[in-house]
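Morning, everyone. Please have the structure open on your screens, and I'll walk you through the helix packing and then a few single residues.

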Amino acid sequence: MDRQRYLIPMLALITVWRIALLPTAELCPDEALALLLTKHSALWHLEMGPLMPWLVKLSTWIGGTSEIGVRWMAPIMGFAISVMVWRLIRGIYDQTTAAWAVVAIQVLPAFNVMSLAMTSTIVSTTLLLAFIMMLREALHRSQLWDRTWWFTGLFLALAML
């Protein structure tokens with residue numbers, strides 16, 4: 001029996017559950033600061049840089065200024081991290097090892113907390129994992145000016161912001 005087909009639906013179910021848990025707690029200090037910085041028109045903020053206020057501004061533009069509106073991107077990024085870990089481990093080892101790696105990170109309390117709060121931790125983890133995946137893909141390509149190199153640089157630059 002192939003159990004790999006249940007992995008994505010289970011991750012989607014966990015993501016829906018995390019979205020349902022978003023309004024149960026008030027904003028953490030990083031989220032509140034990012035929400036406060038979205039009100040200012042400055043491009044760069046010394047407290048947290050430009051990327052977090054931009055992402056919070058985008059998420060509140062789509063979802064409103066409630067807890068759900070600020071945080072709805074965090075469970076989506078948690079889902080993306082899980083899929084990227086699965087793809088990365090599957091490329092190095094096999095599908096069974098990749099599935100167990102995803103199960104292992106889903107069990108970690110730190111990952112679950114990270115997937116419920118829109119902080120720089122979830123954003124940087126997502127961007128750095130995307131950078132690693134694109135770098136691995138770019139190193140397997142033979143063209144000099146392949147687009148994967150451009151995406152690798154883009155993800156690294158975004159992770160620095």
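**Helix packing first**

Start with helix α2, residues 29–37, and helix α3, residues 51–63: their axes come within 8 Å and cross at roughly 80 degrees. This is a predicted model, so keep that in mind throughout. Angles of 65 to 115 degrees count as roughly perpendicular, and α2 and α3 are therefore roughly perpendicular to each other. Who makes the contact? On the α2 side, Ala 34, Leu 35 and Leu 37. On the α3 side, Pro 53, Val 56 and Thr 60.

Stay on α3. How do the axes of α3 and helix α8 cross? Helix α8 covers residues 120–139. The two axes come within 10 Å, and the crossing angle is roughly 100 degrees. That puts α3 roughly perpendicular to α8. Here Leu 51, Met 52 and Leu 55 of α3 meet Ser 120, Val 123 and Leu 127 of α8.

**Now the whole chain**

Zoom out. The protein chain has 9 helices and 0 strands. Read along the sequence, the pattern is α-α-α-α-α-α-α-α-α. Along the principal axes, the C-alpha atoms fill a box of roughly 50 × 40 × 25 Å.

How much of the chain is buried? Of 161 residues, 38% count as buried. Next, the surface. About 9,800 Å² is exposed, and carbon and sulfur atoms supply 71% of that.

Contacts next. Take those in the protein chain with a separation of 6 or more: residues 24 or more positions apart account for 64% of them.

Charges, briefly. There are 11 positive and 9 negative charges in the chain. Their mean positions are 9 Å apart.

**Four residues to click on**

First stop, Ser 115. Find this serine in the loop between α7, residues 109–114, and α8. Is Ser 115 buried or exposed? The relative accessibility of Ser 115 is 0%. Buried means under 20%, so Ser 115 counts as buried. What does Ser 115 touch, leaving aside neighbours within four places in sequence? Arg 18, Ala 74, Pro 75, Gly 78 and Ile 122.

Next, Arg 136, in helix α8. Arg 136 counts as partly exposed, because its relative accessibility is 28%. Set aside the neighbours within four places in sequence, and Arg 136 is in contact with Leu 88, Gly 91 and Ile 92. Pick out Gly 91 from that list. Arg 136 and Gly 91 are 45 residues apart along the chain, yet their C-alpha atoms are separated by 9.5 Å.

Third, Ala 157. This alanine lies in helix α9, residues 147–160. Its relative accessibility is 38%, so Ala 157 is partly exposed. Now measure across to Leu 127 on your screen. Ala 157 and Leu 127 are 30 residues apart in sequence and 9.2 Å apart in space, C-alpha to C-alpha. You have met Leu 127 already: this is one of the α8 residues that meet α3.

Last, Trp 54. Back to helix α3, where Trp 54 lies. At 40% relative accessibility, Trp 54 counts as partly exposed. How far is Trp 54 from Glu 137, C-alpha to C-alpha? The separation is 28 Å, with the two positions 83 residues apart along the chain.

**To wrap up**

Keep two crossings in mind. α2 and α3 are roughly perpendicular, and α3 is roughly perpendicular to α8. Then keep one loop residue: Ser 115, buried at 0%. Thanks, that's my slot.

Note on methods
Residues numbered from 1 in each chain as written. Predicted model: local features only at pLDDT ≥ 70, side-chain atom pairs only at ≥ 80, totals over all residues. Heavy atoms only, no water. Helix = DSSP H or I, 4+ residues; strand = E, 2+ residues; numbered from the N terminus. Buried < 20%, exposed > 50% of the residue type's maximum accessible area, 1.4 Å probe, protein only. Contact = heavy atoms within 4.5 Å. Areas by Shrake-Rupley, 256 points an atom, 1.4 Å probe, with all protein chains shown as cover. Lys, Arg positive; Asp, Glu negative; His and termini not counted. Charge placed at Lys NZ, Arg CZ, Asp CG, Glu CD. Axes fitted to C-alpha atoms, helices over the stretch in contact; angles between N-to-C directions. Parallel < 35°, antiparallel > 145°, perpendicular 65-115°, else oblique.
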